Amino acid sequence: MASSASHMIIVILLVLAVSSALFSPAASTWRSLDRRPEKNGFRVSLRHVDSGGNYTKFERLQRAVKRGRLRLQRLSAKTASFEPSVEAPVHAGNGEFLMNLAIGTPAETYSAIMDTGSDLIWTQCKPCKVCFDQPTPIFDPEKSSSFSKLPCSSDLCVALPISSCSDGCEYRYSYGDHSSTQGVLATETFTFGDASVSKIGFGCGEDNRGRAYSQGAGLVGLGRGPLSLISQLGVPKFSYCLTSIDDSKGISTLLVGSEATVKSAIPTPLIQNPSRPSFYYLSLEGISVGDTLLPIEKSTFSIQDDGSGGLIIDSGTTITYLKDSAFAALKKEFISQMKLDVDASGSTELELCFTLPPDGSPVDVPQLVFHFEGVDLKLPKENYIIEDSALRVICLTMGSSSGMSIFGNFQQQNIVVLHDLEKETISFAPAQCNQL
């Protein structure tokens with residue numbers, strides 16, 4: 001009897017040891033949504049959508065500015081209609097950076113647009129009724145052993161702005177440029193770098209309209225809503241570091257969970273906007289050009305009672321857009337301090353350019369500082385000024401907006417931008433992003 005009891009104890013200890021190994025915090029794989037150690041994290045490579053093209057720095061910026069204007073319109077819009085009787089919140093859509101990932105079991109490799117201005121994760125799925133051309137094969141859920149449709153009673157289905165119930169939870173998700181995705185909400189195993197995460201909710205899109213996503217195979221939302229990758233992972237923080245727009249390799253980095261760390265950085269608070277809960281709003285208190293603090297009303301960047309206005313930080317918009325009155329003050333001060341002729345040719349997509357000196361002498365550019373609550377972010381010259389020798393111009397990479405203001409990715413180059421979702425803050429730290 002004693003021998004039998006000893007044998008049983010040994011068996012139990014072995015079972016416990018195996019279980020402990022499977023769910024050890026040191027494991028590189030998250031096993032389920034409710035069993036994710038805080039210390040887990042991963043990093044993913046990001047690639048600018050134009051990095052493969054043979055463009056000059058200025059051409060790349062001009063292409064991005066054209067896309068950015070459309071995005072600004074989407075972000076400023078409140079609702080869009082699928083049908084005359086159905087309105088849904090408008091999401092940003094599109095973006096400037098593609099992230100590498102894999103979906104399913106066995107894993108199929110894809111690239112998808114990273115978007116901090118929306119929440120839903122989605123990819124195109126077979127059988128495709130309406131689909132755009134993409135560079136990789138369309139995901140086939142029947143070939144994946146880990147694919148599972150979500151029921152209409154699931155929390156993620158309830159979180160959708162528009163859904164219906166038939167063979168599981170069906171979704172419709174709209175973007176401000178009239179593009180959309182429609183299909184079945186499901187869960188799958190997603191692989192990011194060397195980390196695999198099971199039961200991630202995503203849209204398996206069978207009707208996807210619009211060509212804005214054709215560089216990849218869909219979109220990964222990193223917004224603040226429950227459908228986003230960050231919210232589903234339940235990680236306390238994430239960060240990204242974007243390389244210069246003219247970096248030859250164009251490889252930036254997204255860091256999630258324990259990988260997202262910043263040393264010696266002072267945080268600025270994140271602000272909630274109940275009308276636009278997915279966006280990352282910051283409190284911008286002022287802007288300085290050189291030694292001059294611009295005469296901007298304190299309420300200029302405040303969120304209005306109807307949810308309009310405010311300033312968001314966004315990875316998918318290239319240049320910074322400021323409310324009209326603020327940009328007018330910025331433009332006036334730059335003209336005063338640059339002491340160059342304003343270029344009136346209209347040869348660029350930018351709102352303020354100057355003619356370069358004919359003798360090729362260096363241009364003295366004033367320092368630009370954004371005064372966020374608790375943080376004075378002093379930008380390097382290359383984050384707000386661009387020259388083009390062919391056009392003989394030097395331009396300010398900022399523009400005006402009649403709606404919300406946006407702190408764009410050109411101003412975020414070679415800066416680690418840390419989102420701390422527990423502390424509700426964002427921190428900035430200078431870095432060489434191509435060396436991370």
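**Close-up views of a predicted model**

**Figure 1. Exposed loop residues with positive phi, S264 and K339.** With a relative accessibility of 83%, S264 counts as exposed. The model shown here and in the following views is a predicted one. S264 belongs to the loop that joins β14 (251–257) to β15 (267–271). Although S264 is not a glycine, its phi is positive, at about 55 degrees. K339 is another residue other than glycine with a positive phi, near 55 degrees. The loop that holds K339 runs between α5 (324–338) and β21 (352–355). K339 is classed as exposed because its relative accessible area is 69%, and the limit for that class is over 50%. Most residues other than glycine have a negative phi.

**Figure 2. The protein chain as a whole.** The chain holds 5 helices and 29 strands. Of its 436 residues, 54% are buried. Among contacts with a separation of 6 or more, 69% join residues 24 or more positions apart. The accessible surface of the chain amounts to about 19500 Å², and carbon and sulfur atoms account for 52% of that surface.

**Figure 3. The largest pocket and its lining.** The largest pocket encloses about 320 Å³ of space. Its lining comprises 17 residues, and those closest to the centre are L377, K378, I415, A429 and P430. Two or more lining residues come from each of the strands β23 (375–379) and β29 (425–430). The largest share, 4 residues, is provided by β23. Sorted by class, the lining contains 9 nonpolar, 5 polar and 3 charged residues.

**Figure 4. The largest cavity and its lining.** Rolling a probe the size of a water molecule over the atoms shows where empty space is left. In this model there are 5 cavities of 30 Å³ or more. The largest cavity has a volume of about 60 Å³. Of the 13 residues that line the largest cavity, L101, I103, A112, W122 and T123 lie nearest its centre. The elements that each give two or more residues to this lining are β4 (97–103), β5 (108–115), β6 (122–124) and β12 (218–221). Strand β5 contributes the most, with 3 residues. The lining of the largest cavity has 11 nonpolar residues, 2 polar residues and no charged ones.

**Figure 5. The second largest cavity.** The volume of the second largest cavity is about 50 Å³. Its walls are formed by H48, F97, T243, I245, T318, N409, F410 and Q413. By class, 3 of these lining residues are nonpolar and 5 are polar, with no charged residues.

**Figure 6. Buried residues of strand β26: G399 and S401.** G399 is part of strand β26, which spans residues 398–401. G399 is buried because its relative accessible area is 1%, below the limit of 20%. The C-alpha atoms of G399 and L350 are 7.0 Å apart, while 49 residues separate the two along the chain. Beyond residues up to four places away in sequence, G399 touches I319, T320, Y321, L322, F327 and E351. S401 also lies in strand β26 and counts as buried, at 2% relative accessibility. A polar atom of the S401 side chain lies 3.0 Å from the backbone nitrogen of G403. A polar atom of that side chain of S401 is also found 2.7 Å from the backbone oxygen of M404. When neighbours within four places in sequence are set aside, the contacts of S401 are L72, Y321, L322, K323 and D324.

**Figure 7. The surroundings of R224 in the loop between β12 and α4.** R224 occupies the loop between β12 and α4 (229–233). R224 counts as buried because its relative accessible area is 17%, under the limit of 20%. A polar contact of 2.5 Å links the side chain of R224 to the side chain of E424. Residues up to four places away in sequence are not counted among the contacts of R224, which include D119, S231, L270, F279, Y280 and E424.

**Figure 8. Cis peptide bonds before P106 and P127.** Most peptide bonds are trans. The bond from T105 to P106 is cis, with omega near 0 degrees. P106 is located in the loop between β4 and β5. The bond from K126 to P127 is also cis, with omega near -5 degrees. P127 is located in the loop between β6 and β7 (148–149).

Key
Residues numbered from 1 in each chain as written. Predicted model: local features only at pLDDT ≥ 70, side-chain atom pairs only at ≥ 80, totals over all residues. Heavy atoms only, no water. Buried < 20%, exposed > 50% of the residue type's maximum accessible area, 1.4 Å probe, protein only. Contact = heavy atoms within 4.5 Å. Areas by Shrake-Rupley, 256 points an atom, 1.4 Å probe, with all protein chains shown as cover. 1 Å grid on protein atoms, 1.4 Å probe; cavity = no way out; pocket = protein on both sides within 12 Å on 5 of 7 lines; lining within 4 Å. Points joined across faces, edges and corners; volume = space filled by probe spheres on them. Nonpolar A, V, L, I, M, F, W, Y, C, P; charged D, E, K, R; others polar. Polar contact = N/O pair within 3.5 Å; in protein donor to acceptor, adjacent residues only side chain to side chain.
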